[in-house]
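User: Could you walk me through this model, one question at a time?
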Amino acid sequence: MPELPEVESAVQRLRAATVGKTIAKIALLHPALARRISPSRLRSLRGARIADVVRRGKHQLVLLDDGRTLHAHFRMTGDWVLGRESDALPRFARASIAFTDGSRAVLDDPRMLSTLDLHPRGAPLELGLGPEPSDQSLTPDALHAALARRRGPIKPVMLDQRVIAGLGNIYAAEALWHAKISPRRRASAVSLSDARALLAAIRKVIKAATGARYTDDSVVRLAVYDRAGKPCRRCRTPIERITQAGRSTYFCPNCQRR
Ligand SMILES: [Zn+2]
């Protein structure tokens with residue numbers, strides 16, 4: 001599943017390929033996407049120019065010069081294939097954005113869980129997101145206060161996008177390992193000094209992964225994720241896997257005791 005660093009990479013690629021270009025035609029190639037934007041609204045996108053492409057959490061916002069926003073979310077397996085309109089369509093092409101210069105951005109998604117929406121000009125985007133890991137407003141005190149208000153263990157709380165935008169299952173586990181905090185620790189019982197260590201660890205793992213196209217052990221060397229039974233990279237204790245809120249959590253039972 002694309003996580004924040006992968007979505008950031010996708011946004012950077014899309015921005016570099018499309019900003020300043022004028023839309024010639026958008027085609028929605030899958031019924032699930034076609035239901036989200038009517039044919040007349042699709043046609044109204046002709047002639048719109050891409051002003052910027054930005055990321056908020058795992059959302060991708062294509063800002064148009066007329067004030068409207070094309071809003072993409074990859075969910076599980078989406079990606080952009082950037083090329084020319086004359087190129088063959090990729091096998092799982094779900095939407096195609098053609099530009100007047102002959103270039104094209106294709107939303108490719110084998111599982112077809114990606115979404116594409118069009119927001120009107122002036123409509124505030126309510127994405128229900130907390131601060132980004134990189135936000136200056138996210139201080140150790142602010143994180144400590146946000147955790148203190150939550151029930152349940154820390155790991156599922158870290159996946160709540162209202163607490164931190166963009167953090168997913170892989171990097172939550174990785175950050176807890178770096179901060180030596182047990183994923184089973186109650187969120188409300190995390191101390192201020194542990195919140196400081198956790199915030200530093202979140203920033204470290206996100207920064208280390210940025211630039212990778214997909215989360216992949218060959219690209220980003222993961223410390224605990226998907227390493228059940230393998231030795232901890234710090235103390236050699238076998239990594240354990242548990243299930244929390246329906247998701248796998250990997251941790252070292254020896255060095256994540258806080
Ligand atoms: Zn360990």
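User: Which element of the chain has the highest confidence, and which the lowest?

Analyst: Good place to begin, as this is a predicted model. The chain as a whole has a mean pLDDT of 93, and 96% of its residues reach 70 or more. Among the elements, confidence is lowest in α1, at a mean of 93, and highest in β7, at 98.

User: What separation is there between the centres of domain 1 and domain 2?

Analyst: Let's place the domains before giving the distance. Domain 1 covers 4–119, while domain 2 covers 140–251. Taken over C-alpha atoms, their centres are separated by 31 Å.

User: Which strands are at the edges of the open sheet?

Analyst: Follow the order of its four strands, β1-β6-β7-β5, which pair in an antiparallel way. An edge strand here pairs on one side only, and that is true of β1 (23–28) and β5 (79–84). On average, neighbouring strands of this sheet are turned by 15° against each other, direction ignored. The edge strands are therefore β1 and β5.

User: Which residue in β7 stands opposite Arg84?

Analyst: Look at the pairing of β5 with β7 (residues 103–108), where the two strands run antiparallel and six bridges join them. Arg84 belongs to the stretch 79–84 of β5. Its opposite number in β7 is Ser103.

User: At about what angle to β5 does helix α1 run?

Analyst: Picture helix α1, residues 4–18, lying across β5, β6 (93–99) and β7. Compared with β5, helix α1 runs at about 25°.

Technical notes:
Residues are numbered from 1 along each chain as its sequence is written. This is a predicted model: local features need pLDDT of at least 70, side-chain atom pairs count only at pLDDT 80 or more; totals for chains, interfaces and linings use all residues. Domain bounds come from an automatic or database domain assignment. Axes are lines fitted to C-alpha atoms, for helices over the stretch in contact, and angles run from 0 to 180 degrees between N-to-C directions. Two residues are in contact if their C-beta atoms, placed from the backbone, lie within 7 Å. pLDDT is the predictor's confidence in each residue, from 0 to 100.
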